[in-house]
Amino acid sequence: MRTGDELPELEIAITRTLIVAGAIASRDFQDVHHDAESARAKGSPDIFMNILTTNGLVGRYVTDCFGPAAVLRKLAIRLGAPNYPGDTMVLTGRIEDVDGDTAVVRVVGANGIGRHVSGTVTVSVPQQPPSPQPGGTP
Amino acid sequence: MFEGRPAVSGGVGKDPVNEPMIRHWCEALGDTSAAYAGPDAVAPPAMLQVWTMGGLSGNAGRSAAYEELLGLLDGAGCTSVVATDCEQEYLRPLRPGDRVTFDSVVESVSGPKSTKLGTGYFVTTRTDVRVDGEPVGTHRFRILKYAPVRTYAPSVPSRAPETPTGQKPQVAPTSTPTPTRPRPVINRDNAGFWDGVDRHQLLIQRCLGCRALRFPWLPGCNACGSGDWDTVEAGGDGTVFSYVVLHHPPFPAFDPPYAVGLIELAEGVRIISNVVGVPYDKVRIGMPVRLEFVRYEEGQPALPVFRGDLPAEVGG
Ligand SMILES: [Zn+2]
C-alpha cells in the first residue's frame, strides 16, 4: 500500500436490473430510478442509477481491492454523467496518500458518456504481520 | 434564510439495522465481502443513509422549514430532483440490531444555477446519525432541485384509444412543441447583411473613406469614422482563428456538444458561426474551412456556417 499505487479496475455492467435493484435495496423509490416514462417526463432519456447505489459500488470497489479486513472511514463522491441502462462503468482508483494503516484512494467511475462518479475514499487496512520475503528485500 | 435550520429533527430509522436488508443490498450491488455475512456481520458502511430512508411511507420528522424550502422550489418550477454529492464519515460499524436516530440541518442553498438538466438550486444537508445517543456517522448530501429543460417523448407512443362514444381519452398523448432557434434581430444597420444571407451571400462592409473591411456590420468605420460604405462578397475561404465547444447549458433547439468557431475569412475579417462537417472535438485552430449555407428550420433563411475537412486518412 503505497502512494501512487493503482487499483485494479472493476467493470460494472449497468443493467436495468442493477439500477432498479440498487434503488429498491437502498429504499430509494424516486420514480426516475425505476419508471422510464416518469424519467422521460422529468427530462432524462431513461431511468438512471441512484446515488446510494453508486456510493455502494464505490465502497465495494475499495473493499474488494483491500480485502475483508479493510474498514471504510470516509466516502465522498460527486456524480457527473448518469448511469443509464446498457452502459458500462469502469471504476479505477489510485492511492493518493498513506498515513500508517490508512489510505486515501481517489476513485473515478467512467461510463460511455463521461465521468459518472469521482470521489475519495478513506480506508483503514489493519497491518498484517509482514510476510517473509525471499531474498530479504527490505 | 434556510441555512442552519433543521431539515429533520429526531428522525428514527424505520427498521433496525438487519441482516435481510444487508443481504438484499449486497445481492443488488454484487458485494460479496465476507465482512457483511455470518455471525459477526457488520452492515456495509455505504448503507448509512439507507437506515434513514423514509421509503414509500414518507419521511416523518421532516421539519416545517425544510418542507417550506422544498415547497418554494417546487413553486418556482423546480419540481425535479437529482442527487449530486454524497459525503459520508463512518465512526463505527453498524451491526444488526442497531436502531439509528438522526437529525439533519440545511447547510446551504445555492443561488439559481444553470445546468444541463435545467436551472435549479443546490440544497446541501448534513445528517448526524446516532445509535443509543452515540454518534456513528455523518452524511452530507447535495441535491439539485431543478426545472427540467426538456422532456423526452415516450418510447412507445401512447395512442388515444378510439372511443365510439366520443369520450375524451383518459390519457392524452403528450406533444412537446419543437423548440425553435432564436431569430436574428434585423435592424437598419444590419439589414443589408441579412438580405445577403437570403441570397446565400456573405457580405462584408467596406468603408468608402479608407477602404477598410469590417465585420460585423456597423453604421460607421472604426478606422476613419466615415459613414459611407459598400459591400464585398466573401469568397468563402477561411480558417479557424479560435473556437469553443459548447457542452452545457443546452439551449432549446440546439443539440450540444457542438463547436462554435471564430472564423477568419480570407478577406481578413472574422465571423462567429458553427463549424460543421468535423466532430466537435476535432476542430482545431488553423483548420481551413469553407463557407456554406445551411437551412436549419423550415421557413427560415439558410445560415452561413463553415465546413471543415479532416485530414484524409492514410490508407493501409
Ligand atoms: Zn474608413
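These notes cover a helix, a zinc site, a chain contact and one serine in a predicted model.

1. Helix 2 of chain B runs over residues 64-75, twelve residues in total. From its first C-alpha to its last the helix reaches 16 Å, close to the 16 Å expected at 1.5 Å a residue. After helix 2 of chain B comes B:Gly77, with a positive phi near 90°.

2. The buried residues of helix 2 of chain B are B:Ala65, B:Tyr66, B:Leu69, B:Leu70 and B:Leu73. They lie on the same side of the helix, because the arc they cover around the axis is only 135°. The exposed residues B:Ala64 and B:Gly75 sit on the face of helix 2 of chain B turned away from the buried side.

3. What do the buried residues of helix 2 of chain B pack against? Their partners are four strands of chain B: strand 1 (6-12), strand 3 (100-109), strand 5 (119-131) and strand 6 (134-146).

4. The zinc ion is held by sulfur donors of chain B: the SG atoms of B:Cys207, B:Cys210, B:Cys221 and B:Cys224 coordinate it at 2.2 to 2.4 Å. Angles among the four donor atoms are 101 to 114°, and the site is tetrahedral. The spacing of the donor residues in sequence is C-x2-C-x10-C-x2-C.

5. Two of these donors, B:Cys210 and B:Cys224, link distant parts of the chain, 14 residues apart. B:Cys210 lies in the loop between strand 7 (203-207) and strand 8 (213-214) of chain B, and B:Cys224 in the loop between strand 8 and strand 9 (229-233) of chain B. B:Cys210 is partly exposed, at a relative accessible area of 34%. B:Cys224 is also partly exposed, at 41%.

6. How many residues does each chain bring to the contact between chain A and chain B? Chain A gives 35 residues and chain B gives 42 residues. About 3100 Å² is buried between the two chains, 59% of it on carbon and sulfur atoms. Of the area that chain A buries against chain B, 19% comes from A:Arg27, A:Arg40 and A:Leu52, more than from any other three residues.

7. Is B:Ser80, in strand 2 (residues 80-90) of chain B, buried or exposed? B:Ser80 is buried, because its relative accessible area is 3%, and buried means under 20%. Leaving aside neighbours within four places in sequence, B:Ser80 is in contact with A:Lys42 of chain A, and with B:Leu144, B:Lys145, B:Tyr146 and B:Pro148 of chain B.

Conventions. Residues are numbered from 1 along each chain as its sequence is written. Chains are lettered from A and ligands numbered from 1 in the order in which they are written. This is a predicted model: local features need pLDDT of at least 70, side-chain atom pairs count only at pLDDT 80 or more; totals for chains, interfaces and linings use all residues. Side-chain values use heavy atoms; hydrogens and water are left out. Helices (H or I, at least four residues) and strands (E, at least two) are DSSP runs, numbered from the N terminus. The expected span of a helix is 1.5 Å times one less than its number of residues. Buried means under 20% relative accessible area, exposed over 50%, partly exposed in between (1.4 Å probe, protein chains only). The arc is that of the directions from the helix axis to the C-beta atoms. Contact means heavy atoms within 4.5 Å. Donors are N, O and S atoms within 2.8 Å of the metal (3.2 Å for Na, K and Ca); water is not among the atoms, so sites may look incomplete. Four donors count as tetrahedral if all angles lie between 85 and 135 degrees; four count as square planar and six as octahedral if opposite donors are over 155 degrees apart and all others between 65 and 115; anything else is irregular. Buried area is the accessible area (1.4 Å probe) that two parts lose on being put together, summed over both.
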